[in-house]
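Biologist: I am new to this structure. Please take me through one part of it closely, and set that part against the rest of the chain.

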Amino acid sequence: MASCNSIDKDSDVPALVSDSESELEKNNEEEDECQWNDLGDEEDEEEMNMLHGNVSCLFCQCVETSVYMLLTHCTQIHNFDLLEQCKKGSVDCIGYIKMINFIRKEHPIPEDLKKYLSSKRPLWLSDDYMIPTDSNDLMLQLDIEWAQNHHQSVLEPTNHHEDCSQHACGDTYSESEAVSALIERVQKAETQRDIYKDELDRALADIEKLRITGQNLVASSKGEDENVQINGSQLNDEDGYFASYSHHDIHMSMLKDKVRTESYRDFMLTNPSLFKDKLILDVGCGTGILSMFAVKAGAKHVVAVDQSNIIYQAMDIARENNLHEKITFVKGRLEEVNLPIEKFDVIISEWMGYFLLFEAMLDSVLWARDRYLKPEGCVYPDQFSMLVIGVTDTQMRNSKLDFWDDVYGFKMSCMKHSVVDEVHVRLVNKETIVTEPAVIKTIDVMNCKVSDLDFTSTFTLKCQSDAEITALVGYFDTYFDKGCQNKVSFSTGPMVAPTHWEQAVMMLPKTVTATKDSSIDCKISYRKHPQDVRGIIINLTIAGQKLKYSLS
């Protein structure tokens, strides 16, 4: 074993350092550590130096002399600890900048802001809130992550902090330097945003791979569970349903429908007492046209909800018309989102589908009624009638059914079954009508339940002339009635101006002979499709024929 006084074979230096030399090295290390600590203090000092100057309160007209004084003011006066709330809401640098710009533009109260921060999807997610109302706003220069790590010192600034609005050289922090600092912080935030976006894209790609893999497993498995297939179908249908409403053509079609759009407009503008200074919920807002009508009618504020991406265009439309301060847009499924207002005076919605109940959106409106409507409030439109009428349309029958009897010399009559089983949505020529309309269902939106939307009804068709009935046609009428000084209504039937809803045609495999003034007893059942959350199954009995149709 080597002695402690041995000499290293490759050097004349002793193998062990003396005690005095060890002490010297230790002192040097401590000195270096102090220098690093001093450097950290200087960085903290620089951060604080940047945040002194006049800064307006987030919630009142008060102006403080620094960001720190303002944060203390918000905590003591408004009971809103910004740093603590941002920590609870996991607000990052980008989210903080958007949140401050949102506050400056939208002026929420502290209680509402706390709710927004606790929401999974706060209202300032749009990149529009990256644009400040004031480029010199010192609140935008606060490094939220740094401030949270120095929470106590930030909220209780020392006298030294109060004097740190000057540099070491004695010069005040210039406006150009403040702008440069803000630009640098925004650039850092944008870099962080790009990183998050890349991570999100990868995650979405992985989710899509998992979804496809799951579908393949279900499709290839033997004796698969029927319930699993239904649930999978529902999810896919939901995705496609809301995605379809992101296309501009659909909204153009609805907006060009004057019967529909002008009826809503006339109802709201000719009944201002129902809207003046009232809180309005717009369910399925689309482009926001109904929300804007409501504001024009005098609404105090409108909350507009839609799950489709069209809501981003609706935000731009409201801003373009200087109505954005009166309308708050919320993206997401109504049953899952958190709304900024607890109760509403009026719920407005254009929820109607083909033959009224296709799309099943009335379910969401009824849920909103029970959850958000004030006791004295109302949902509009509030009354509906579903009607059926008999037609003789040999041209349509020939093009849809008889065509399969001879297709280039071949019989394809088996194809008729799928044609008969479907409800065809199309405009019906009013000249083909041969019976009076029969009401099969009335709906009072203020009182009905979701369970009422599956129903069975018997009805009688009174014939207006001798004819061979080739199809029954379904449509609906809409009424704005409750509390209206000026009542408004419109019909989607074939005898009036056409709408984008057109009519629901149920073709008969065998024509029904009708004589003038005779009556035909019929029965119809109407229920939701078990494998299509938005679809409808219709069972019809007429003149001994028992028929089944699907609308999906």
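Modeller: What follows looks at a parallel sheet and its surroundings, then turns to another sheet and a helix.

This is a predicted model, in which local features need pLDDT of at least 70, side-chain atom pairs count only at pLDDT 80 or more, and totals for chains, interfaces and linings use all residues. Residues are numbered from 1 along each chain as its sequence is written, and side-chain values use heavy atoms, with hydrogens and water left out.

The chain has 17 helices and 17 strands. Both are DSSP runs, numbered from the N terminus: helices are H or I with at least four residues, strands are E with at least two.

Now the parallel sheet. It is open, holds 5 strands and runs in the order E5-E4-E3-E6-E7. Two strands pair if DSSP finds at least two bridges between them. Strand E5 (327–331) and strand E7 (373–380) stand at the edges. Each has a single partner strand, so one side of each is left without a neighbour in the sheet. From one strand to the next, the twist averages 20 degrees. Such angles run from 0 to 180 degrees between N-to-C directions, with axes as lines fitted to C-alpha atoms, for helices over the stretch in contact.

Look at strand E3 (residues 279–283). It is joined to strand E6 (residues 344–349) by 4 bridges, and the two run parallel. Isoleucine 280 has valine 346 in E6 as its bridge partner. Helix H13 (residues 289–296) packs on this sheet. H13 touches E3, strand E4 (301–306), E5 and E6. Contact means heavy atoms within 4.5 Å. The direction of H13 makes about 175 degrees with that of E4.

Next, the antiparallel sheet. This open sheet has 4 strands, ordered E11-E15-E16-E17. Strand E11 (455–462) and strand E17 (545–551) are at its edges, each with a single partner strand, so one side of each lacks a neighbour in the sheet. Inside it, 7 bridges join strand E15 (residues 519–528) to strand E16 (residues 536–542). Arginine 527 has isoleucine 537 in E16 as its bridge partner.

Last, helix H5 (residues 110–118). Its buried residues are Pro110, Asp112, Leu113, Tyr116 and Leu117. Buried means under 20% relative accessible area (1.4 Å probe, protein chains only). Seen down the axis of H5, they fall within an arc of 155 degrees, so they line one face of the helix. The arc is that of the directions from the helix axis to the C-beta atoms. Their cover includes helix H3 (82–88) and helix H4 (93–106). Across the chain, 45% of the 552 residues count as buried.

Definitions and conventions. Buried < 20%, exposed > 50% of the residue type's maximum accessible area, 1.4 Å probe, protein only.
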